[in-house]
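The following exercises concern the fold and the strand pairing of one protein chain. Each task is followed by a worked solution.

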Amino acid sequence: MSYCRFGNDSDVYIYTTGKYLVCDTCKIKGGKSFATLRYSRMSVHLESHVANGDRVPKNVLEELALSFVLGDDVVNISKLN
Ligand SMILES: [Zn+2]
């Protein structure tokens, strides 16, 4: 499942494998991918993109924040369906 892809409104490609959240071809990581088990860590990571001037869709930031405020911080595929 992807949260957002590279496009007109997004400089990041964020998806989940069901276990990890991945920031694919990450500019901060010099083109490598950033992966984390936690929604909170991905939120912090995306804030870094915003601070760098990268476009991150607002709904993605909200969705990630809601995931760890309302539920478990650790990614779990069973909660996605
Ligand atoms: Zn990134």
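Two strands are taken to pair if DSSP finds at least two bridges between them. The model examined here is predicted.

**Exercise 1.** Determine how many helices and strands the protein chain has, and state how compact the chain is.

*Solution.* Step 1: the protein chain contains 2 helices and 4 strands. Step 2: in sequence order, these elements give the pattern β-β-β-β-α-α. Step 3: the radius of gyration is 12 Å, close to the 12 Å from the globule rule for 81 residues, so the chain is as compact as a globular protein of that length. Step 4: the C-alpha trace spans about 30 × 20 × 20 Å along its principal axes.

**Exercise 2.** Establish which strands pair with β3, and in which sense.

*Solution.* Step 1: strand β2 (residues 13-16) runs antiparallel to β3 and is joined to it by 4 bridges. Within this pair, C23 of β3 stands opposite I14. Step 2: the hairpin of β2 and β3 has 4 residues between the strands, and G18 there takes a positive phi near 100 degrees. Step 3: β3 also pairs with strand β4 (residues 34-36), again in the antiparallel sense, over 3 bridges. T36 in β4 is the bridge partner of L21.

**Exercise 3.** Decide which side chains of β3 are buried and which are not.

*Solution.* Step 1: the criterion for a buried residue is 20 or more other C-beta atoms within 10 Å of its own. Step 2: along β3 (residues 21-24) the side chains alternate. Step 3: L21 and C23 point to one face and are buried, whereas V22 and D24 point to the other and are not. Step 4: over the whole protein chain, 21% of the 81 residues count as buried.

Notes:
Residues are numbered from 1 along each chain as its sequence is written. This is a predicted model: local features need pLDDT of at least 70, side-chain atom pairs count only at pLDDT 80 or more; totals for chains, interfaces and linings use all residues. The radius of gyration is taken over C-alpha atoms; the globule rule is 2.2 Å times the number of residues to the power 0.38. A residue is buried if 20 or more other C-beta atoms lie within 10 Å of its own, exposed if 12 or fewer, and partly exposed in between; C-beta atoms are placed from the backbone.
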